Amino acid sequence: MLLDIKKYGSEVLRKKSIDVKDITKEILQLMDDMVETLHDIEGVGLAAPQVGVNLRIFIIDIGDGKVRKVINPMIEYSDDKIECEEGCLSIPGVYKNVQRSAKVTVKYMNENGEQVEETGSELLGRAFQHEYDHLEGILFTDKLSPVAKRLVKKRLQEISKAKGEPAL
Ligand code: CO
């Protein structure tokens, strides 16, 4: 089932999400629906708050043949930073450079309840950090420089006003 993507201005995007206790049928269904939705819109990652659920779940598909279903992640950041352009399915039409750690290590539970540890850089590393932020109620536009923030302010207000409308 395709899910609605919550847009900038939705409260659910700003709440800190809570841990998943058990991987129930409903959780598995939610993750399947998130994957279907992500593929439909050809995105790289989608976090549960973006579909209105404040649970610590996100999915990532960077096109390496592996769809990652990430539950209750913990993240460690490298000290070295890189800057790269980013966008977000909840903030259509906004693409800006964001500074992130060059590399992260993420420990999480997969859909089978197995503990997984992965180190990612480049697109995977960036996706891990972007999606993890969603679980903390943080959006990439929060991380922009004051000048860049001013440039996107009007667009953010437009999205916020139009939220609940279909994606652009
Ligand atoms: Co996003």
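**Exercise 1. Work out whether His130 and His134 are buried or exposed, then place them relative to the cobalt ion.**

Start with His130: its relative accessibility is 8%, so it counts as buried. Bear in mind that we're working on a predicted model here. Next, His134 comes in at 1% relative accessibility, so it counts as buried too.

Now for the metal. The cobalt ion is coordinated by His130 and His134, each through NE2, together with the SG atom of Cys88, at 2.1 to 2.2 Å. Written as a sequence pattern, the donor residues read C-x41-H-x3-H.

That x3 gap is worth a step of its own. His130 and His134 are 4 residues apart in helix H2, so about one helical turn separates them. The general rule behind this: an α-helix has 3.6 residues a turn, so residues three or four places apart point the same way.

**Exercise 2. Check whether the span of helix H2 agrees with its number of residues, and find out how enclosed the helix is.**

Step one, the length. H2 runs over residues 122–135, which is 14 residues, and at 1.5 Å a residue the helix should span 20 Å. The end C-alpha atoms sit 21 Å apart, and that agrees.

Step two, burial. Of the 14 residues of H2, 12 are buried, so the helix is largely enclosed by the rest of the structure. Among the buried ones are Leu124, Gly125, Phe128 and Tyr132.

Step three, what comes after. H2 is followed by Gly137, which has a positive phi, near 80 degrees.

**Exercise 3. Glu131 is buried and has no salt bridge; find which side chain of opposite charge is nearest, and what Glu131 contacts instead.**

First locate the residue: Glu131 is in helix H2. Then look for a partner of opposite charge. The nearest such side chain is that of Arg100, 8.2 Å away, whereas a salt bridge needs the N and O atoms within 4 Å.

So what's around it? A polar atom of the Glu131 side chain lies 3.3 Å from the backbone nitrogen of Ala47. Setting aside neighbours within four places in sequence, the contacts of Glu131 include Gly45, Leu46, Gln50, Phe58 and Ile60.

**Exercise 4. Take the salt bridges Arg68–Glu118, Arg126–Glu86 and Glu158–Arg155, and sort out which parts of the chain each one joins.**

The full count is 14 salt bridges, but these three will do.

- Arg68 and Glu118: the side chains meet at 2.9 Å, N to O. Arg68 lies in strand E3 (residues 68–77) and Glu118 in strand E7 (residues 115–121), so the pair ties together parts 50 residues apart in sequence. Both residues are buried.
- Arg126 and Glu86: here the N to O distance is 2.5 Å. This pair links distant parts of the chain, with Arg126 in helix H2 and Glu86 in strand E4 (residues 81–86), 40 residues apart. Arg126 is buried at 8% relative accessibility, and Glu86 is buried at 5%.
- Glu158 and Arg155: the closest N and O atoms are 3.1 Å apart. Both residues lie in helix H3 (residues 146–162), 3 residues apart, about one turn of the helix. Glu158 is partly exposed at 39%, and Arg155 is partly exposed at 21%.

As a last step, follow the Arg126–Glu86 pair outward: Glu86, Arg100, Arg126, Asp133 and Lys143 are linked in a network of salt bridges.

Notes:
Residues are numbered from 1 along each chain as its sequence is written. This is a predicted model: local features need pLDDT of at least 70, side-chain atom pairs count only at pLDDT 80 or more; totals for chains, interfaces and linings use all residues. Side-chain values use heavy atoms; hydrogens and water are left out. Helices (H or I, at least four residues) and strands (E, at least two) are DSSP runs, numbered from the N terminus. The expected span of a helix is 1.5 Å times one less than its number of residues. Buried means under 20% relative accessible area, exposed over 50%, partly exposed in between (1.4 Å probe, protein chains only). Donors are N, O and S atoms within 2.8 Å of the metal (3.2 Å for Na, K and Ca); water is not among the atoms, so sites may look incomplete. Lys and Arg count as positive and Asp and Glu as negative; His and the chain ends are not counted. A polar contact is a pair of N or O atoms within 3.5 Å; within protein, one must be able to donate a hydrogen and the other to accept it, and residues adjacent in sequence count only if both atoms are side-chain atoms. Contact means heavy atoms within 4.5 Å.
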